[in-house]
Each structure stands twice: as structure tokens, then as C-alpha cells.
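Here is a small set of exercises to work through with the model open beside you. Try each task on your own before you read its solution.

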Amino acid sequence: MKITVDDVKCCGAGQCVLLAPEVFDQRDEDGIVVLLDAEPPAELHTAVKEAASVCPAAAISLSGTE
């Protein structure tokens, strides 16, 4: 799995951080997403998929998912 984030689209809701804190963080100054791991291990894929699906701004894109 490969993750990309569009920080321009990000509205800072933070759902991704709550669901997959090993993969996503937020900037202190404005809450915009920070990608910590663009290719997380398989055990995190379910959480990452959920984070992408609940992102209100659709700022998280996934490729190479099964």
C-alpha cells in the first residue's frame, strides 16, 4: 500500500490521526495532516483504509490496495 495526502484539501478534522496514529499526525500550527509512513506495514492497512474512507475532505489517497 502506498499513501499520498493532499495537504491543500485537508481540513484538519484529525480522524486519520485517531484511527492510525502510526501513519498520520497533524501540524501543531494548523492541524493539517502530516504523513509519517507512506508505505505502512500490512497490519496497519485496515486502519489506514478506514482513515481514508472517513476523511471529510477526501485528502487521503491509497494505491496498491487489495
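A disulfide is a pair of cysteine sulfur atoms within 2.5 Å. Keep that cut-off at hand for the first exercise, and bear in mind that this is a predicted model.

**Exercise 1. The cysteines**

Find how many disulfides the structure holds, and check Cys10 and Cys55 one by one.

*Solution.*
- Step 1: Start with Cys10. The closest cysteine sulfur belongs to Cys11 and lies 5.9 Å from the sulfur of Cys10. A disulfide needs the two sulfur atoms within 2.5 Å, so this pair is too far apart for a bond.
- Step 2: Go on to Cys55. Its nearest cysteine sulfur is again that of Cys11, 6.3 Å away, and Cys55 is in no disulfide.
- Step 3: Give the total. The structure holds zero disulfides.
- Step 4: Add the surroundings. Cys10 is buried at 14% relative accessibility, and Cys55 is buried too, with a relative accessible area of 18%. Both calls follow because buried means under 20%.

**Exercise 2. The cavity**

Search the whole structure for cavities of 30 Å³ or more, then describe the lining of the largest cavity.

*Solution.*
- Step 1: Count. The search finds one cavity of that size.
- Step 2: Give its volume, which is about 110 Å³.
- Step 3: List the lining. It is made of 15 residues, and those closest to the centre of the cavity are Cys10, Ala13, Gly14, Cys16 and Cys55. Two of these names, Cys10 and Cys55, are the cysteines checked above for a bond.
- Step 4: Sort the lining by character. There are 10 nonpolar residues, five polar and no charged.

**Exercise 3. The nonpolar core**

Work out which residues have the most contacts inside the largest nonpolar core and which helix gives the most to it.

*Solution.*
- Step 1: Take the size and the centre of the network. The core has 17 residues, and Ile3, Cys16, Val23, Phe24, Val48 and Ile60 have the most contacts inside it.
- Step 2: Look at the helices. Helix 1 (15–19) and helix 2 (45–54) each supply at least two residues, and helix 2 gives the most, with three.
- Step 3: Follow Cys16. Beyond its neighbours within four places in sequence, Cys16 contacts Pro21, Phe24, Val33, Ala51 and Ile60.
- Step 4: Follow Val23, which sits in the loop between helix 1 and strand 2. Its relative accessibility is 0%, so Val23 counts as buried. With the same sequence neighbours set aside, its partners are Ile3, Val34, Leu35, Leu36, Asp37, Pro40, Leu44 and Val48.
- Step 5: Set this against the general pattern. In soluble globular proteins, nonpolar side chains tend to be buried together.

**Exercise 4. Buried or partly exposed?**

Decide whether Gly31 is buried or exposed, and do likewise for Leu36.

*Solution.*
- Step 1: Place Gly31. It is in the loop between strand 2 (24–26) and strand 3 (33–35).
- Step 2: Read its accessibility. At 14%, Gly31 is buried. Among residues over four places away in sequence, Gly31 touches Cys10, Gly12 and Gln26.
- Step 3: Place Leu36, which is in the loop between strand 3 and helix 2.
- Step 4: Read its accessibility. Leu36 has a relative accessible area of 48% and is partly exposed, because that class runs between 20% and 50%.
- Step 5: List its contacts. Leaving out neighbours within four places, Leu36 meets Pro21, Glu22, Val23, Phe24 and Asp25.

**Exercise 5. Backbone angle and chain end**

Say what is notable about the phi of Ala58, then find which residues Ser63 touches.

*Solution.*
- Step 1: Recall the background. Most residues other than glycine have a negative phi.
- Step 2: Compare Ala58. Its phi is positive, about 55°, although Ala58 is not a glycine.
- Step 3: Locate Ala58 in the loop between helix 2 and strand 4, where its 45% relative accessibility makes it partly exposed.
- Step 4: Move on to Ser63, in strand 4 (residues 60–63). Ser63 is partly exposed at 37%.
- Step 5: Name its partners. Not counting residues up to four places away in sequence, Ser63 touches Met1 and Lys2.
- Step 6: Check a distance. The C-alpha atoms of Ser63 and Gln26 are 22 Å apart, with their positions 37 residues apart along the chain.

Conventions. Residues numbered from 1 in each chain as written. Predicted model: local features only at pLDDT ≥ 70, side-chain atom pairs only at ≥ 80, totals over all residues. Heavy atoms only, no water. 1 Å grid on protein atoms, 1.4 Å probe; cavity = no way out; pocket = protein on both sides within 12 Å on 5 of 7 lines; lining within 4 Å. Points joined across faces, edges and corners; volume = space filled by probe spheres on them. Nonpolar A, V, L, I, M, F, W, Y, C, P; charged D, E, K, R; others polar. Helix = DSSP H or I, 4+ residues; strand = E, 2+ residues; numbered from the N terminus. Buried < 20%, exposed > 50% of the residue type's maximum accessible area, 1.4 Å probe, protein only. Contact = heavy atoms within 4.5 Å. Core = buried A, V, L, I, M, F, W, Y, C linked by side-chain atoms within 4.5 Å.
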